[in-house]
Every structure is written in structure tokens, then in C-alpha cells.
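Here's a quick briefing to read with the model open beside you. Have a look at the structure first, then work through the points below.

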Amino acid sequence: MNTHLLLFWTFFKISLFSIGGGYNMIPLMQHEVAARGWLASERFLDILAVSEITPGPVAVNLATFTGYQLAGFTGALATTTGVCLPGSLILLALGAIAIRLRTRPAFQSAMRGVMPMLVGLLAATAIRMAAALVPEAFGFAALQTLVIFALTLGLFVWHRLPPATLMLSAAAAGILGSLLR
Amino acid sequence: MVRPSLVPVIWSFLRIGAVAFGGGLAALPVFEAELVRRRQWLTVTETAETYAISQSVPGVIIVNFAVLAGLRLGGKRMALCAALAVALPAFLVILALAAWSAGRWDNRWVAAALSGLRPAVVAILVGAAIRLGRGNLHTPLLWLAAAAGGGLLLARILSPVTLILLGAAAGLGIHLWNKKMGGAS
């Protein structure tokens, strides 16, 4: 298949099967991108970090960056269109029906069934990504990684600080760490 | 309510797309500030309702929201323009950044910043799982299902799409079973 068509279709599929937006799309994206060998797991983390700091939907940021990395401007256009289309098409086609469907008990039951899968997928993807962080030896770099991980997790879960703030602090901590080393 | 014309709607959604950091989950206050307080096109209730619907449709929450709000404010053409406008700022910023970063990933300062960013991103993913779980999984059985789903993905037995479909089927199956039981009694 043509590269651009494949990019478009892959991101269309990712978007079509993700509900609730934002982080729920990340496991699907990581799975596809890794399975096709498009990006190293470290670079995926980097792009994810950039997406958290820049404005706009994380899904659009990830799609645009990945598309550009693989096939330049037209690649970015293909992935971004792919990721934006499924929801828009469904809403344009169904409109009021989609609105009524949401309140149906059957739909809500299906969503309740999806919830544990979303939690499991996010956790599993985090574990996969964490493999890219494991250092060769325990030293300053490993300590820095551990401290930043623990602090970010605590501040995000218990103090609900916005991801952008946490990311900027983590970047600053990384630069500070490199100066101290 | 006066129906707004196309240009101010496009302008508003460009603004929303440019300031909504972190995407859909953090965007409700941004929608309210622009569409309720500044423009008075929607009420707080309408905004919350539109937001809830845009979350239960596949895809990007902010784009879905723009389509629905556009449909409400002026029909299909406006919906399409609002969707394009809301995605455009992110697209352009990332394009510029991607073009700039090519070949700079190994720069000393970039590498230093990334050494801090990578563990933080993994922490946010773990945190997102914890927050989603605490908000939605109210019984040990649901946590067990989450662990099983995660395990099947890690073991490369099932893909994310399959797991999501299985989850939806299980939820629907339990619903139909309960309905049948309820009908019989």
C-alpha cells in the first residue's frame, strides 16, 4: 500500500477505536507505531512529551509529529486527517441520533465494559514504555530518572497538577541534572 | 439567541485550539470561557452536554466538540469549519517543531531536557491509568478485568482494538443478561 494511504488508514483506525480521547488513544497509537516499526520507543516518548507541552489535542499533536517524521508535510496531513475524521464523520452523519444513543442503557453498559480495558491498556503501555528508561547501570542518571518519575506521578495523581506544568518542570530538572553531573 | 456568522466562529475555535493545553480532558474550562462567557453562544448546560457527547464518540474530543457545537450554531458547513479551525493551531505548531527538531535530538541541551521528560511522560501514563481506574472501577472484579486486559496486551496475545471490542461485548452481554433475568422475575 502507498505510504500516505497506510498512514491515513492507520491513524483513522486508531481514532475509530478510541473513546474518551486524550490518553485513551496512546495505547492504540503505541501498539501500531511499534508493530510497524515506525518509531523507536524512546522517540515515541519524546513526541508524547512534546505533545503535552504544546497546545491542542494530544491526539492531533502525536499524529502530526509521527506523520511528519515518516513522510514529511504530506505525511503529517495524512495522519492528522485520519485521526480527526472518524468522530467528525460519525457526528455529521448521525447528529441527533448519536446524542440520543449516549443515554441508552445498552450503550452505557458497553462503555462500562470498555472502562477496565482502557485502564489495563494504559497501565500496560506505561510498563512497555518504562522499558526504554531502564539504564545500563545504577548511577546518577538512574537516580534522576527515578526521582522525576516518582515526583511527577505523585503530583499528577494526588495534587492534580496540569501535565504541561509537570512536563516543563521535568525538562528543567533534566537540564539541571546534566549541569550537576 | 442570534445565530453567529462563520468568521467569528472560525476565529473562536482557532483561539480554543491555540490555548487548550493537554487536550480534551482539560478543555471544558476553555470552551466555557470562549463560548459561554465571551461570546454567549451557548449556555453552561449546553456546553457541558456537548462536551459529554463529544467524549462518548470515538476520536479527538476537542474536534468532536467543535463539530457538535458547529452543528448547533449553524449547520454542517459551520461544523466542518469549526473542526478545521480547532485542529489547525496544534497542526502548525507541531509541524514547525518537527521541522526544527529534525537532526537536533542529539543536541546536548535537547538530550538533557529529554532525559527529564521521558520518566515524566511514563509517570503521566501511570497516573492517567490510576485516575481513570479510581473514577470508574468500583469493584475488585473490574480491577481484575483491567489487570487481565493489560496482561493480555503485554503478553502480545491480544491487540488493543480486540481488547476494547471484548470489553464492550462483555458490558453489553451483562446488560442483556440482567435484562433477561429482570424480565423473567
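**Helix H1 and its surroundings**

In H1(A), the buried residues (under 20% relative accessible area, 1.4 Å probe, protein chains only) are Leu7(A), Thr10(A), Phe11(A), Phe12(A), Ile14(A) and Ser15(A). This is a predicted model, where local features need pLDDT of at least 70, side-chain atom pairs count only at pLDDT 80 or more, and totals for chains, interfaces and linings use all residues. Residues are numbered from 1 along each chain as its sequence is written, chains are lettered from A and ligands numbered from 1 in the order in which they are written, and side-chain values use heavy atoms, with hydrogens and water left out.

**More on H1**
- H1 covers residues 3-16 of chain A, and its 14 residues reach 20 Å from first C-alpha to last, close to the 20 Å expected at 1.5 Å a residue.
- The buried residues of H1(A) pack against helix H2 (25-35) and helix H4 (58-94) of chain A.
- At the N-terminal end, Asn2(A) acts as the cap of H1(A), with a side-chain oxygen 2.7 Å from the backbone nitrogen of His4(A).

**Ile53**
- You'll find Ile53(A) in helix H3 (residues 41-53) of chain A.
- Ile53(A) counts as partly exposed because its relative accessibility is 23%, and partly exposed runs between the buried limit of 20% and the exposed limit of 50%.
- Ile53(A) and Leu91(A) sit 38 residues apart in sequence and 29 Å apart in space, C-alpha to C-alpha.

**Charges over rings** (NZ of Lys or CZ of Arg within 6 Å of the ring centre and within 35 degrees of the ring normal)
- Arg108(B) lies over the face of Trp109(B), 4.6 Å from the ring centre.
- Arg131(B) has its charged end over the ring of Phe156(A), 4.3 Å from the centre.

Technical notes:
Helix = DSSP H or I, 4+ residues; strand = E, 2+ residues; numbered from the N terminus. Expected span 1.5 Å × (residues − 1). Contact = heavy atoms within 4.5 Å. Polar contact = N/O pair within 3.5 Å; in protein donor to acceptor, adjacent residues only side chain to side chain.
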